[in-house]
Each structure stands twice: as structure tokens, then as C-alpha cells.
Amino acid sequence: MTETAGYTQVRIQAAIARRDTSLEATGSQVRAVVRLVWAGGDPAGTHLDGRPAILFYTQDGNGSWKRT
């Protein structure tokens, strides 16, 4: 996850995934939106909680998910 680059001891505090219905009307691929809250230590050693991140995944024809 590029959002965590440079951080140490990264951990996920909470996560939720939902189907992205905004693309379904156009007949596009199935897409999921994953919202994370994570924590980790920055390069100065300060521990930071509650950092948000949003990830998008698309499903291919085999049922596998790929981050987009």
C-alpha cells in the first residue's frame, strides 16, 4: 500500500469493503471499494493512529480481485 511507504509496524485497525455500484450502469467490470483505518510509526518514530486509506479492486473473469 503506497499510503504506508516509509512507515514501520503498520497494522490495520478497521476495514470495510463494499461493491462500487457507480460503474454498474455502464456495464463495466465489478469493482470493490475498500476503506481502511491503519496505524504505524513514521520515519521520526512517532506512532500515528487513525490513518485513512481507500483502495479499489476490480474482479476479472476468473473471480480473482486485482488492485486498481
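1. Contact here means heavy atoms within 4.5 Å. By that rule Gln-9 touches Ala-39 and Gly-40, with residues up to four places away in sequence not counted. The model is a predicted one. Gln-9 is found in strand 1, which spans residues 8-19. Its C-alpha atom is separated by 6.2 Å from that of Gly-41, 32 residues apart along the chain. Gln-9 has a relative accessible area of 69%. The cut-off for exposed is over 50%, so Gln-9 is exposed.

2. The sheet is next. It is open and formed by 4 strands, in the order 1-2-3-4. The pairing is antiparallel. Strand 1 and strand 4 (65-67) stand at the edges. Each has a single partner strand, so one side of each is left without a neighbour in the sheet. From one strand to the next, the twist averages 35 degrees.

3. Now the pairing of strands 3 and 4. Strand 3 covers residues 47-59 and pairs with strand 4 in the antiparallel sense, over 3 bridges. One residue pair can be named: Tyr-57 has Arg-67, in strand 4, as its bridge partner.

4. Arg-67 also takes part in a salt bridge. Its partner is Glu-3, and the closest N and O atoms are 3.7 Å apart. Glu-3 lies in the segment before strand 1, while Arg-67 is in strand 4, so the pair ties together parts that are 64 residues apart in sequence. Glu-3 has a relative accessible area of 27% and is partly exposed. Arg-67, at 35% relative accessibility, also counts as partly exposed. The salt bridges come to 3 in total.

5. Another of these links Asp-49 and Arg-11. Their side chains meet in a salt bridge at 3.6 Å, N to O. The pair links distant parts of the chain: Asp-49 belongs to strand 3 and Arg-11 to strand 1, 38 residues apart. Arg-11 is partly exposed, at 42% relative accessibility.

6. Which residue forms a salt bridge with Asp-20? The partner is Arg-31, with the closest N and O atoms 2.7 Å apart. Asp-20 lies in the loop between strand 1 and strand 2 (31-41), and Arg-31 is in strand 2. The pair therefore ties together parts that are 11 residues apart in sequence. Is Asp-20 buried or exposed? With a relative accessible area of 10%, Asp-20 is buried. Arg-31 is partly exposed, at 23%.

7. The largest nonpolar core has 5 residues in all: Val-34, Leu-36, Trp-38, Ala-53 and Leu-55. Strand 2 and strand 3 each supply at least two residues of this core. Strand 2 gives the most, with 3 residues.

8. Leu-55 belongs to that core. Its contacts, leaving aside neighbours within four places in sequence, include Val-34 and Leu-36, which are core residues too. Leu-55 is also in contact with Met-1, Ala-32 and Val-33. Both members of one salt bridge, Glu-3 and Arg-67, are among the contacts of Leu-55 as well.

9. Val-33 deserves its own entry. Its place is in strand 2. Val-33 is buried, with a relative accessible area of 13%. The C-alpha atoms of Val-33 and Leu-55 are separated by 5.9 Å, and the two residues are 22 residues apart along the chain. Leaving aside neighbours within four places in sequence, Val-33 is in contact with Ile-16, Ala-17, Arg-18, Asp-20, Ile-54, Leu-55 and Phe-56. Asp-20, in that list, is the buried acid of the salt bridge with Arg-31.

10. How many aromatic pairs does the structure hold? There is 1. The ring centres of Tyr-7 and Trp-38 are 5.0 Å apart, and their planes stand at 85 degrees. An angle over 60 counts as edge-to-face, so this pair is edge-to-face. The pair links distant parts of the chain: Tyr-7 is in the segment before strand 1 and Trp-38 in strand 2, 31 residues apart.

11. The burial of the two ring residues can be read as follows. Tyr-7 is partly exposed, with a relative accessible area of 22%. Trp-38 is buried, at 2%. Trp-38 is also one of the residues in the largest nonpolar core.

Key
Residues numbered from 1 in each chain as written. Predicted model: local features only at pLDDT ≥ 70, side-chain atom pairs only at ≥ 80, totals over all residues. Heavy atoms only, no water. Buried < 20%, exposed > 50% of the residue type's maximum accessible area, 1.4 Å probe, protein only. Pairing = 2+ DSSP bridges. Axes fitted to C-alpha atoms, helices over the stretch in contact; angles between N-to-C directions. Salt bridge = Lys/Arg side-chain N within 4 Å of Asp/Glu carboxyl O. Core = buried A, V, L, I, M, F, W, Y, C linked by side-chain atoms within 4.5 Å. Phe/Tyr/Trp six-rings, centres within 6.5 Å; stacked < 30°, edge-to-face > 60°.
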